[in-house]
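Visitor: Hi, could you walk me through this one? I'd like to talk about sheets, salt bridges and the surface.
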Amino acid sequence: MAIDIAQILAAQSGRNYQLHAEHINPRWAKALGIIGFDKCYERAEGAYLWDREGNKYLDTLAGYSVFNIGRNHPVVRNALTEFMAADYPSLVQIEAPLLSGVLAEELKRRVGYGLDRVYFTSTGAEGVETAIKFARKATGRSEIVFASNAFHGLTNGALALNGAEVFRQDFGPLLPQCRRVPFNDVDALKEALSQGDVAAFMIEPVQGKGAAVVTDGYLREATRLCREAGTLLVSDEIQCGMGRTGHFLAIHEDEGAEPDIVIISKSLSGGYVPVGAVLTREWVYDKVFNSLDRAVVHSSTFGQGSLAMVAGLATLSVLDDEKLMQNAKVQGDALGQGLAAMKDEFEFIHDIRWRGLMVGIEFAKPKSLKLKTAWATANKLNKDLFCQAITIPMLSDHNVLTQVAGNSMTTIKLTPPLTLTDADVAWFLDGFRDVMQRLHRFPGPAWEAVYRIARNAMQGGATSRPAAE
Ligand SMILES: Cc1ncc(COP(=O)(O)O)c(C=O)c1O
């Protein structure tokens with residue numbers, strides 16, 4: 001008998017956390033329960049999710065920046081269903097597939113910089129591993145330089161370029177010869193490259209952790225220093241690329257910057273099929289695939305799968321047709337300016353930064369004595385707690401899904417779909433204002449709720465911070 005997915009979904013509805021606790025990740029299931037994030041989402045469209053009770057939520061994570069064009073986009077879905085009905089071959093392997101050639105052309109047209117060769121991957125971390133290997137082979141050097149607070153994925157090589165101890169700890173020894181430099185520090189980069197032994201400098205123009213943004217001119221200087229040192233500049237656009245900042249690539253914001261390798265993934269799939277791409281200069285590719293014997297010396301089984309290529313082509317067309325990059329700029333500015341306008345009103349807010357729809361809201365110790373006590377108590381209980389005092393009521397009281405931005409526990413990051421509307425921006429800003437007003441009343445019910453959650457978490461040994469993002 002044919003499998004009936006609709007019947008499975010209906011019959012199993014609501015068992016999400018029980019099944020995860022039994023078979024997948026009990027700690028994660030428990031942590032989500034403690035903070036009230038244990039929703040069972042059963043429908044998704046654009047920037048919205050609906051739970052099984054029919055409540056509608058605004059999703060400002062977009063699956064960690066996977067759904068730039070919004071969830072379940074009909075254009076991508078139709079392209080995939082039409083393609084599946086055509087019985088077209090995929091993964092023949094000993095052939096040159098047509099669709100990866102077509103998608104490579106489309107990507108090159110958008111990326112530019114003379115990055116003439118495209119290597120397809122299934123995930124972001126696989127793209128990072130690819131860049132490490134390509135840079136080493138092309139330059140004949142082994143050192144890789146990365147920035148503090150960097151996040152390039154959690155596979156072994158990528159982990160060696162991770163700026164946070166919590167991810168690295170206990171998984172070593174990691175790839176040797178990886179050097180960390182402080183983010184945005186030109187002098188430190190100059191020093192790190194000065195011995196002429198560095199294969200690549202890998203950087204996120206807007207960091208996934210904390211939404212830290214490169215300062216104006218930093219990437220231009222980095223380009224110059226890399227050229228002088230014979231080092232390849234790698235722009236990790238896995239999260240900040242694909243139109244999120246208002247340009248196809250975030251590095252475009254810094255005029256004069258020129259990457260030798262660009263890595264994209266996440267949104268390239270429209271969220272349907274895992275896919276990524278590494279674009280690089282021809283000479284780099286020629287060094288890697290340098291003889292007929294070595295023509296597939298680096299490859300992966302699912303890299304050029306037809307469904308992934310179709311999803312990529314359809315996603316690029318939606319990005320253009322719906323002018324989503326322009327919308328990212330307009331709505332990003334509306335969101336950023338709306339938040340910046342609250343800075344004087346709410347002393348917990350330290351900094352608002354954004355590039356298009358990649359927004360960081362950073363909090364810091366307030367000035368008034370009463371609120372200082374609230375801040376200190378929260379921080380003593382749990383480093384994530386202050387931000388969770390915001391993300392929890394944003395979800396429970398305002399139906400807005402938000403996230404704490406990884407290792408910088410004092411920042412909330414927003415990476416909503418680029419389809420965001422004026423009404424969505426107002427939805428977020430109204431909710432955020434309400435939550436901030438309540439947290440600026442201390443002592444008060446908002447703080448009691450926060451402490452209760454912290455106590456429950458301590459009893460359960462749970463953490464509510466997601467690993468990758
Ligand atoms: C900037 C950046 N690089 C690399 C990765 C790793 O991508 P993946 O999780 O697809 O392996 C991520 C994932 O969050 C990322 O944000």
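Guide: Happy to, starting with one residue pair: Y41 has D51 as its bridge partner in strand 2. A word on the basis: this is a predicted model, where local features need pLDDT of at least 70 and side-chain atom pairs count only at pLDDT 80 or more, while totals for chains, interfaces and linings use all residues. Residues are numbered from 1 along each chain as its sequence is written, and side-chain values use heavy atoms, with hydrogens and water left out.

Visitor: How do you define strands and pairing here?
Guide: Strands (E, at least two residues) and helices (H or I, at least four) are DSSP runs, numbered from the N terminus. Two strands pair if DSSP finds at least two bridges between them.

Visitor: And how many bridges join strand 1 to strand 2?
Guide: Four, and the two strands run antiparallel. E45 is also in that ladder, with Y48 as its bridge partner in strand 2.

Visitor: What does the turn look like in the hairpin of strand 1 and strand 2?
Guide: Two residues lie between the strands, and G46 in the turn has a positive phi of about 60 degrees.

Visitor: What about strand 2 and strand 3, parallel or antiparallel?
Guide: Antiparallel, joined by three bridges. W50 has K56 as its bridge partner in strand 3. That hairpin has four residues between the strands, and G54 takes a positive phi near 90 degrees.

Visitor: Which side chains cover the faces of strand 2?
Guide: Y48 and W50 are on one side, L49 and D51 on the other, and all are buried. Buried means under 20% relative accessible area, exposed over 50%, and partly exposed in between (1.4 Å probe, protein chains only).

Visitor: What is the strand order in that open sheet?
Guide: The order is 1-2-3-13, four strands with mixed pairing. Strand 1 (41-45) and strand 13 (400-401) are the edges, each with a single partner strand, so one side of each has no neighbour in the sheet.

Visitor: Which strands does helix 17 lie across?
Guide: Strand 2, strand 3 (56-59) and strand 13, with helix 17 running at about 95 degrees to strand 3. Axes are lines fitted to C-alpha atoms, for helices over the stretch in contact, and angles run from 0 to 180 degrees between N-to-C directions.

Visitor: Now the other sheet. What order do strands 11, 12, 14 and 15 take?
Guide: They form an open sheet in the order 11-12-15-14, with antiparallel pairing. Strand 11 (349-355) and strand 14 (403-404) are at the edges with a single partner strand each, so one side of each is left without a neighbour in the sheet. Two bridges pair strand 14 with strand 15 (411-414) in the antiparallel sense, and Q403 stands opposite K413 in strand 15. Helix 17 (422-439) packs on this sheet too, touching strand 11, strand 12 (358-363) and strand 15 at about 10 degrees to the direction of strand 12. Contact here means heavy atoms within 4.5 Å.

Visitor: Switching topic: how many salt bridges are there in the whole structure?
Guide: A search finds 23, where a salt bridge is a side-chain nitrogen of Lys or Arg within 4 Å of a carboxyl oxygen of Asp or Glu. One of them joins R52 and E42, with the closest N and O atoms 3.8 Å apart. R52 is in the loop between strand 2 and strand 3, E42 in strand 1, 10 residues apart.

Visitor: Which residue does R433 meet in a salt bridge?
Guide: E345, at 2.7 Å from N to O. R433 is in helix 17 and E345 in the loop between helix 14 (324-340) and strand 11, so the pair ties together parts 88 residues apart in sequence. R433 is partly exposed at 30% relative accessibility, and E345 is partly exposed at 41%. There is also a network, in which salt bridges that share partners join E106, R109, R110 and D320.

Visitor: And how are R179 and D197 linked?
Guide: Their side chains form a salt bridge, 2.8 Å from N to O. R179 lies in strand 6 (178-181) and D197 in the loop between helix 10 (186-193) and strand 7 (198-203), so parts 18 residues apart in sequence are tied together.

Visitor: Last one: which residues make the nonpolar surface patch?
Guide: I3, I5, I8 and L9, over about 410 Å². I3 sits in the segment before helix 1 (5-12), and I3 counts as exposed at 63% relative accessibility. Patches are made of residues with over 30% relative accessible area and no salt bridge, with like charges joined within 9 Å and nonpolar side chains (Val, Leu, Ile, Met, Phe, Trp, Tyr) within 5 Å. Accessible areas come from the Shrake-Rupley method with a 1.4 Å probe, and for residues only the protein chains shown count as cover.
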